[in-house]
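Trainee: I have a chain to look at. Can we go through it together, one point at a time?

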Amino acid sequence: CSCSFLDTDRALVLLEEYCKKLRKPEEQQLKKAIRKVMGIFKSSLFQALLGSFTKKATRHGTISHPSLPAAVACDVLGCPKD
């Protein structure tokens, strides 16, 4: 499902925006950790697993909108949802 890829892109944008706000020396470790998460979101393995999860969950009716990465980013960052 291409929706999961779009949602991953949205999550990456949100994480990148948050990283730009982390400028204090004590925030650099958090920034480094977020960059690692971003690298995972960009990996082909993550994309394949997400696609598989989305297809199975949609088929079983457990999710109706495959927006897991963006929802996680919003929950973690406290950003408003559409």
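What follows is a set of short questions with answers.

Mentor: This is a predicted model, in which local features need pLDDT of at least 70 and side-chain atom pairs count only at pLDDT 80 or more, while totals for chains, interfaces and linings use all residues. Residues are numbered from 1 along each chain as its sequence is written, and side-chain values use heavy atoms, with hydrogens and water left out.

Trainee: Which pattern does the protein chain follow along the sequence?

Mentor: Helices (H or I, at least four residues) and strands (E, at least two) are DSSP runs, numbered from the N terminus. The protein chain has four helices and zero strands. Its pattern is α-α-α-α.

Trainee: What share of the residues of the protein chain count as buried?

Mentor: Buried means under 20% relative accessible area, exposed over 50% and partly exposed in between (1.4 Å probe, protein chains only). The protein chain has 82 residues. The buried share is 30%.

Trainee: Which helix gives the most to the largest nonpolar core?

Mentor: A nonpolar core is a set of buried Ala, Val, Leu, Ile, Met, Phe, Trp, Tyr and Cys residues joined through side-chain atoms within 4.5 Å. The largest one has 10 residues, among them Ala 11, Cys 19, Met 38, Phe 41 and Phe 46. Helix 1, helix 2 and helix 3 (44-59) each supply at least two residues of this core. The most, four residues, comes from helix 1.

Trainee: Is Cys 19 buried or exposed?

Mentor: Cys 19 is found in helix 1. Contact means heavy atoms within 4.5 Å. Not counting residues up to four places away in sequence, Cys 19 touches Lys 31, Ile 34, Arg 35 and Met 38. Its relative accessibility is 0%, so Cys 19 counts as buried.

Trainee: Which residues does Met 38 touch, not counting those up to four places away in sequence?

Mentor: Met 38 has its place in helix 2. At 4% relative accessibility, Met 38 counts as buried. The residues that Met 38 touches are Leu 12, Leu 15, Glu 16 and Cys 19.

Trainee: Why are the buried residues of helix 2 on the same side?

Mentor: The buried residues of helix 2 are Ile 34, Met 38 and Phe 41. An α-helix has 3.6 residues a turn, so residues three or four places apart point the same way. The arc is that of the directions from the helix axis to the C-beta atoms. The three are on the same side of helix 2 because they cover an arc of only 55°.

Trainee: Which exposed residues does the face of helix 2 turned away from its buried side carry?

Mentor: Helix 2 has 15 residues and reaches 21 Å from its first C-alpha to its last. That is close to the 21 Å expected at 1.5 Å a residue, where the expected span is 1.5 Å times one less than the number of residues. The face turned away from the buried side carries Gln 29, Lys 32 and Lys 36.

Trainee: How many residues apart in sequence are the parts that the salt bridge ties together?

Mentor: A salt bridge is a side-chain nitrogen of Lys or Arg within 4 Å of a carboxyl oxygen of Asp or Glu. A search of the whole structure finds one, between Arg 35 and Glu 16 (2.8 Å, N to O). Arg 35 lies in helix 2 (residues 28-42) and Glu 16 in helix 1 (residues 2-21), so the parts tied together are 19 residues apart in sequence.

Trainee: Why is the pair of Phe 41 and Phe 46 stacked?

Mentor: Rings of Phe, Tyr and Trp (its six-membered ring) pair if their centres lie within 6.5 Å; planes under 30 degrees apart count as stacked, over 60 as edge-to-face and the rest as tilted. The whole structure has one aromatic pair. The centres of Phe 41 and Phe 46 are 4.9 Å apart. The pair is stacked because the planes are at 20°.
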